[in-house]
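The following note sets out points on the structure shown below, for consideration alongside the coordinates.

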Amino acid sequence: RKTRIAILFGGRSAEHDVSRASAANVLRSLDPDRYDATAIGITREGRWIVAGAGNGAGTGSGALAIPNDGPQLALLPGGQGRALVLDGHTTVRDLPAFDVVFPVLHGPNGEDGTVQGALELSDVAYVGSRVMGSAAAMDKDVAKRLMRDAGLPIVPYVAMSAMAPIAYDDAVAAVGSPELFVKPANMGSSVGVSKARTAGEFDTCCKLAFRFDSKILIERSLAPIREVECSVLEDATGLIRASQLGEIVPSDKHGFYSYDAKYLDADGALLRVPADVPPALADRIRELAIKTFRVLGCEGMARIDFFLHGEQAFVNEANTLPGFTDISMYPRLWEATGLPQSELMDILIGHALERHKRSR
Ligand code: ATP
Ligand code: MG
Ligand code: MG
Ligand code: MG
């Protein structure tokens, strides 16, 4: 029989819209002969709503919509794919049980271990990292501490909480540069990320980042840099492999790979696949990607982002639920490495099912 898969998307995160675009693409790439898919949208307020069943739900272009009047779900521990049950006030009763859940959620309340914890409690198989790997990778401060401890090359930074503000001059002294990148500790899609060159700008940048998290990072701004990304994939046997590299060249008008450059401006950035990096350096980056994956406790998949500063490679961050939109790097890099997206889905789902079987 077909594998029954529930796709979770949307979510209580500033990356809600990106997730809707990712989910549409994931649905499209599932082989309809092998999977029965149900899309479950999580509204910005956190309500779980059945958005569509069958792979047809993902056809057509654009983002997946969450209906206002769909059946609502509550997540309860149940086991054996019966975790998702209808809440009291709905009439729909024949909700299918699931073999596996694919949380196509980005950012807090989805990529950070929260949903993964709920799925653990519910005893269902799910795609990707578990609680610790998700949380460790999502929190850039925690991730950098783990990476530093493992000897991985990271960009100098300081973490700051609203309770203990750091003055611009002290931040400059701590990271060794007057140009600073300021970002929320837990976020993605460049939401809340900005660059400061003066004390005045620094103040504005910190306020922006604090809108999204109570802890922010202040990093040395590397210039000039090249940005390269590597997709990492773990299969059901535990084999971990790294893809070809891709390079991102943000257009000058955006200054860096901002949210607008990523998702709003069609010409916001050029994606070069494979990246034009000498083979020896590319191999070293792939090794660093796999090491980062292991150090942070990632499972299943992650996209590891790097900065190249001359010959020097720095690990910037790991994304445990990377973008899956039509233009996203994660699936694209696997395509370029010879793994079509439908087969990528098979491996991710196979890993999830095998891990769940072993844990029982
Ligand atoms: P993602 O969508 O990849 O999850 P994110 O929100 O987690 O993004 P980062 O990848 O850390 O954020 O930063 C977003 C972008 O900001 C980078 O791709 C890069 O263009 C720029 N950037 C971030 N930190 C630095 C830095 N220290 N020096 C130079 N540029 C930086
Ligand atoms: Mg990120
Ligand atoms: Mg991200
Ligand atoms: Mg990034």
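Which residues of α10 are buried? The points below begin with that helix; the model is a predicted one.

1. Helix α10. The buried residues of this helix are Leu344, Met345, Ile347, Leu348, Ile349, His351 and Ala352. Helix α10 comprises 19 residues, 341-359. From its first C-alpha to its last it reaches 27 Å, close to the 27 Å expected at 1.5 Å a residue. As a general point, an α-helix has 3.6 residues a turn, so residues three or four places apart point the same way.

2. Domain division. Three domains are assigned: domain 1 (3-126), domain 2 (137-152 + 223-359) and domain 3 (157-220). Domain 2 is thus written as two segments, 137-152 and 223-359. Between domain 1 and domain 3, 8 residues of the former are in contact with 6 residues of the latter. On the domain 1 side, the residues touching domain 3 divide into 3 nonpolar, 2 polar and 3 charged.

3. Helix α1. This helix covers residues 16-29, and its 14 residues should span 20 Å at 1.5 Å a residue; the end C-alpha atoms are 20 Å apart, so the two values agree. Helix α1 is mostly covered, with 12 of its 14 residues buried. The buried residues are His16, Val18, Ser19, Arg20, Ala21, Ser22, Ala23, Ala24, Asn25, Val26, Leu27 and Arg28. They pack against three strands, β1 (3-10), β2 (35-42) and β6 (100-104), and against helix α7 (259-264).

4. Nonpolar cores. The largest nonpolar core has 76 residues, of which Ile5, Ile7, Leu8, Val100 and Val104 touch the most other members. Because domain 1 (3-126) and domain 2 (137-152 + 223-359) both give residues to this core, it lies between them. Another core, of 22 residues, lies apart from it and includes Met160, Val191, Cys205 and Ala209.

5. Surroundings of Val104. Leaving aside neighbours within four places in sequence, Val104 is in contact with Ile7, Leu8 and Phe9, with Ser19, Ser22, Ala23 and Val26, and with Leu321 and Phe324. Among these contacts, Ser19, Ser22, Ala23 and Val26 are buried residues of α1.

6. The shell around ligand 1. Which residues come nearest to ligand 1? Of the 21 residues around the ligand, they are Phe181, Gly188, Glu219, Phe256 and Tyr257. The elements that give two or more residues to this shell are β9 (180-184), β11 (215-220) and β16 (312-319). Strand β16 gives the most, with 3 residues. By class, the shell has 9 nonpolar, 6 polar and 6 charged residues. Domain 2 (137-152 + 223-359) and domain 3 (157-220) each supply at least three residues to the shell.

7. Gly11. This residue is found in the loop between β1 and α1. Is Gly11 buried or exposed? It counts as buried, because it has 29 C-beta neighbours inside 10 Å. Not counting residues up to four places away in sequence, Gly11 touches His16, Ser19, Ile42, Leu105, Asn109 and Gly110. Gly11 and Lys215 are 204 residues apart in sequence, and their C-alpha atoms are 21 Å apart in space.

8. Cis peptide bonds. Most residues other than glycine have a negative phi, and most peptide bonds are trans. The bond from Ala223 to Pro224 is cis, with omega near -10 degrees; Pro224 has its place in the loop between β11 and β12 (226-234). The bond from Val273 to Pro274 is also cis, with omega near -5 degrees. Pro274 is found in the loop between β14 (269-272) and α8 (279-295).

9. Positive phi values. Asn109, a residue other than glycine, has a positive phi, near 65 degrees. Its place is in the loop between β6 and α2 (114-122), and Asn109 counts as partly exposed because it has 18 C-beta neighbours inside 10 Å. Ser189, likewise a residue other than glycine, has a positive phi near 60 degrees. Ser189 is found in the loop between β9 and β10 (194-196). With 21 other C-beta atoms within 10 Å, Ser189 is buried.

Technical notes:
Residues numbered from 1 in each chain as written. Chains lettered and ligands numbered in written order. Predicted model: local features only at pLDDT ≥ 70, side-chain atom pairs only at ≥ 80, totals over all residues. Helix = DSSP H or I, 4+ residues; strand = E, 2+ residues; numbered from the N terminus. Expected span 1.5 Å × (residues − 1). Buried ≥ 20, exposed ≤ 12 C-beta atoms within 10 Å, placed from the backbone. Domains from an automatic or database assignment. Contact = placed C-beta atoms within 7 Å. Nonpolar A, V, L, I, M, F, W, Y, C, P; charged D, E, K, R; others polar. Near = placed C-beta within 6 Å. Core = buried A, V, L, I, M, F, W, Y, C linked by C-beta atoms within 7 Å.
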